[in-house]
Structure formats: structure tokens, C-alpha cells
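Let's take a walk through this structure, one neighbourhood at a time. Keep the 3D view open and turn it as you go.

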Amino acid sequence: MSFTGSSVGPGGGTVRRALEFGRTYVVRPKGRHQATIVWLHGLGDNGSSWSQLLETLPLPNIKWICPTAPTQPITIFGGFPSTAWFDVGDISEDAADDIEGLDAAAAHVANLLSTEPADIKLGVGGFSMGAATSLYSATCFTHGKYENGNPYPAKLSAVVGLSGWLPCSKTLKNKIGQDEAARRAASLPILLCHGKGDDVVPHKFGEKSSRALSSNGFQDTTFKSYSGLGHYTIPEEMDEVCAWLTSKLGLEGRSA
């Protein structure tokens, strides 16, 4: 499931979009700093709402960075502007991917992680469109570069996607060949969670994304389904995220 490309200008020429990212919210670790995770919101949201939720989690060793996506015209909204990591043309499996937008968003995530100390484990996660951007970042990390050919600089240790999907799933096989890319894919832990009652990003997209990752060498992929859950999160799901991150990142433990 994926999305539209760049806008087309007069005469059919491609127009490069000038994207200005919004405000970034940071949740400082309450204990010893062991990991930093960039968390990405969904379409039309901002970094503030998720930072408030993440601050309540019993994960004292994680620093959360919650950026706000650029405001840009969104095709699925008839061109009406909204905060979005990339353009969305249609919620279908055959829609084209907005590669330029995805590359820009993944580069923004990597840039936010670039100033973290060398001994800190790095991760990316998100909800809905933010989850899609996180999974795209995972494929850039394993491939060692963005779709545009520029090198991907961050070393990811964990990826979380809630109620999302995997962009560029049809071309994933071409990215994960042998040697280094395959090794990175095999060792990168990925957690996908999805509600069976999701009427925005259907549950089947989460399932298919999980299968696409697993079949292309992402051996440490976990998929969790939640009966009755719509396009939002619940405490049970966030408990799963906390336990998974504590385990995969080797955190010291949870606070009360």
C-alpha cells in the first residue's frame, strides 16, 4: 500500500518540493540514557501529542525525539494542506510511492539521530504514516542508502510501527541482496502492531507488511494483532511496545 510521487509542473516537469519540518518535542530520559528513539506521528497530527503519551511510559532509559512533519498539500485530501511525512494519493496497494517525500522524511529522522552519543542505541518508531516512514527508514538502513542513492548514516537497533504499512514493498527484494544488507536485515528487530478493527489503514496491510519483511530477510520481525482495536492506540499495545523495547535494546528495566 502506498502513494503518489512529486507534483508535476507546467509542461510536465517535476517540481522539487521545499519541505519545512515543524517543531520537535523531546522527552528526556528519567534514568541512565541508554537509547534514543525518534517517534513519528500520523497524518494531520504533530509531535506534541505523542511526546505527552511517551513521557508517561515506564521506560526511564529512553530519550524520545518527536518531530512534526511538514505541512504540505495532500492528494487524498484534494490538495488541502496537512502535516504529513509524504504525500498520500490513495489507500490502496497499487498506488505509487512518494519516494521524494519518503527520502526527505527518512533523512530528517537520521539527522535527528546524528548528534546522539556513540554509545547510545538508536531507534525509530511511529503511528500510521509515521509507522510507514519508520519502516521505510529500516529499509534505507539495511540497504545503506536512500532511494535517491545518498548514503544512509544512522545505525538502527530497533524499529516500531503501529497501525502502519511498508512503503516500496514491491522493490524490497532488490534492496536486500547479499552480504552487508542481508546481515543488517537479519539482525534488525522490528515490531508491528495493528488493530483488527482499523478502518483507516486496514489490518491486512499490517499483515502483508510483516510478511514482506520476513520473506525478504528481516528475521526478527514480530507482528501483533488486537481484536476490536481501530486506528488508535490502547494501553495494552503500549505495554507490548515497552516490554519489546526493554528486551531488544537491553534496557536496565522499567520504572513504576
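Thr142 sits in helix H3, which covers residues 129-143. This is a predicted model, so read every distance and angle here as a computed value. Is Thr142 buried or exposed? With 0% relative accessibility, Thr142 counts as buried, because the cut-off for that label is anything under 20%. A polar atom of the Thr142 side chain lies 3.0 Å from the backbone oxygen of Thr139. And who else does Thr142 touch? Setting aside neighbours within four places in sequence, Thr142 is in contact with Ile176, Ala181, Arg184, Ala185, Leu188 and Phe218.

One of those partners, Arg184, is worth a second look. Arg184 lies over the face of Phe141, 5.8 Å from the ring centre. You can find a similar kind of arrangement elsewhere: the charged end of Lys204 sits over the ring of Phe205, at 5.7 Å from its centre.

Now for rings meeting rings. Searching the whole structure turns up 6 aromatic pairs. Take Phe86 and Trp165: their ring centres are 6.3 Å apart and their planes stand at 80°, so this pair is edge-to-face. Phe86 and Trp165 also tie together distant parts of the chain, 79 residues apart. Phe86 comes from the loop between strand E5 (81-83) and helix H2 (99-113), while Trp165 belongs to the loop between strand E7 (156-162) and helix H4 (172-175). Both are tucked away: Phe86 is buried at a relative accessible area of 1%, and Trp165 is buried at 3%. Ring pairs also join Trp39, Trp50, Trp64 and Phe127 into a cluster.

Trp50 from that cluster takes us to helix H1, residues 47-54, where the buried residues are Gly47, Ser48, Trp50, Ser51 and Leu54. How are they arranged around the axis? They cover an arc of only 170°, so they end up on the same side of H1. The buried residues of H1 pack against strands E1 (25-27), E2 (35-40), E3 (62-66) and E6 (121-127), as well as E7 and H7. At the N-terminal end of H1, Asn46 acts as a cap, with a side-chain oxygen 2.9 Å from the backbone nitrogen of Ser48.

Follow that packing across to H7, which spans residues 235-248. H7 has 14 residues and runs 20 Å from its first C-alpha to its last, close to the 20 Å expected at 1.5 Å a residue. Its buried residues are Glu237, Met238, Val241, Cys242, Trp244, Leu245 and Thr246. They pack against E2, H1, E3 and E7, plus strands E8 (190-195) and E9 (221-226). Glu236 in H7 is another story: at a relative accessible area of 52%, Glu236 is exposed, because that label needs over 50%. The C-alpha atoms of Glu236 and Tyr226, 10 residues apart along the chain, are separated by 8.9 Å. Just after H7, Gly250 takes a positive phi of about 65°.

One more stop: Ser210, in helix H6 (residues 203-215). Ser210 counts as buried at 9% relative accessibility. Not counting residues up to four places away in sequence, Ser210 touches Leu192, Thr221 and Phe223.

Technical notes: Residues numbered from 1 in each chain as written. Predicted model: local features only at pLDDT ≥ 70, side-chain atom pairs only at ≥ 80, totals over all residues. Heavy atoms only, no water. Phe/Tyr/Trp six-rings, centres within 6.5 Å; stacked < 30°, edge-to-face > 60°. Helix = DSSP H or I, 4+ residues; strand = E, 2+ residues; numbered from the N terminus. Buried < 20%, exposed > 50% of the residue type's maximum accessible area, 1.4 Å probe, protein only. Lys NZ or Arg CZ within 6 Å of the ring centre and 35° of its normal. Arc of directions from axis to C-beta. Contact = heavy atoms within 4.5 Å. Polar contact = N/O pair within 3.5 Å; in protein donor to acceptor, adjacent residues only side chain to side chain. Expected span 1.5 Å × (residues − 1).
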